[in-house]
Amino acid sequence: MPNPFHTRILSHAFIAAFAGAVLFVAIARAQAPKAVIEGAAVATFAGGCFWCMEPPYDKLPGVISTTSGYMGGTVKNPTYEQVSSGHTGHAEVVQVVYDPQKVSYDKLLEVFWHNVDPTVRDRQFCDRGNQYRTTIFVHTDEQHKIAEKSKELLAMTKPFKDPIVTPIVAATEFWPAEDYHQDYYEKNPLRYHYYRTGCGRDSRLKALWGSAPK
């Protein structure tokens, strides 16, 4: 049964109908965002609602772009409705294009950890289902090594008692989400704030880490 605070599906349906979802889907479905400058790199993280994972990376110096989307499933070109059913195997993810000369992958991982609850499986805050699982999707062997070290260090220094269950797996095909999901926190700040607060994201992050992300 949907969480009473969880208004995402209603919000999405309204926005999609208003904007002409069929046209938006046809235009927005593209392949993974390309590195837009020479030497740029790509990182992908699943941290529950992708609406909430874009803001902390968008404000990070050295990040070039963020794109909400889907990864880790078996269905080609999945829609939000398919993914939200929990039957495609995809997780909601944010894909980050960044300049490694300005921001390190270690820093991206630090931001990831402090914006998720890494102690639970197949859910985040009020959202439940494997589409809301946490995962670090690595694109290179180097990212894999750095992510494993980051997880090991966190396990030794974490301010909470529960074990870390977030997996580190190889990145698979990335499918950008529909256009109305992109930069949702900027397009619909009131709805975004209501969802984030009602879902208990910041209160749980504060309980885990001592403070909620700003």
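Student: By the ring-centre rule, how many aromatic pairs does the count come to?

Tutor: The count comes to 9 aromatic pairs, where rings of Phe, Tyr and Trp (its six-membered ring) pair if their centres lie within 6.5 Å, and planes under 30 degrees apart count as stacked, over 60 as edge-to-face and the rest as tilted. This is a predicted model, in which local features need pLDDT of at least 70 and side-chain atom pairs count only at pLDDT 80 or more, whereas totals for chains, interfaces and linings use all residues. Residues are numbered from 1 along each chain as its sequence is written, and side-chain values use heavy atoms, with hydrogens and water left out.

Student: Why is the pair of Phe50 and Tyr70 called tilted?

Tutor: The two rings are 5.8 Å apart, centre to centre, with 45° between the planes, and that angle is neither under 30 degrees nor over 60, so the pair falls in the remaining class. Because Phe50 lies in helix α3 (residues 50-58) and Tyr70 in strand β2 (residues 63-71), the pair ties together parts that are 20 residues apart in sequence; helices (H or I, at least four residues) and strands (E, at least two) are DSSP runs, numbered from the N terminus.

Student: What makes the pair of Trp51 and Tyr184 stacked?

Tutor: Their planes are 5° apart, with 3.6 Å centre to centre, and this angle is under 30 degrees, so the pair counts as stacked. The pair links distant parts of the chain, with Trp51 in helix α3 and Tyr184 in helix α7 (residues 184-187), 133 residues apart.

Student: Are Trp51 and Tyr184 buried or exposed, and how do you know?

Tutor: Buried means under 20% relative accessible area, exposed over 50%, and partly exposed in between (1.4 Å probe, protein chains only). Trp51 has a relative accessible area of 1%, so Trp51 is buried, and Tyr184, with a relative accessible area of 1%, is therefore buried as well.

Student: How do you know that Cys126 and Cys199 form a disulfide?

Tutor: A disulfide is here a pair of cysteine sulfur atoms within 2.5 Å, and the sulfur atoms of Cys126 and Cys199 are 2.0 Å apart, so they satisfy the rule. The torsion about their S-S bond is about -105°, so the disulfide is left-handed. Because Cys126 lies in the loop between β4 (123-124) and β5 (127-128) and Cys199 in the loop between α8 (189-198) and α9, the pair ties together parts that are 73 residues apart in sequence.

Student: Why is no bond assigned between Cys49 and Cys52?

Tutor: The sulfur of Cys49 is 3.9 Å from the closest cysteine sulfur, in Cys52, which is too far for a bond. Cys49 is buried, with a relative accessible area of 1%, and Cys52 is buried at 0%.

Student: How do you know that the span of helix α6 agrees with its number of residues?

Tutor: The expected span is 1.5 Å times one less than the number of residues; for the 17 residues of α6 (residues 141-157) it should be 24 Å, and the end C-alpha atoms are 24 Å apart, so the two agree.

Student: What makes one face of α6 the buried one?

Tutor: Gln143, Ile146, Ala147, Ser150, Lys151 and Leu154 are buried in α6. Seen down the axis, the buried residues of α6 fall within an arc of 135°, so they line one face of the helix, the arc being that of the directions from the helix axis to the C-beta atoms. On the other side of α6, Asp141, Lys145, Lys149 and Met156 are exposed.
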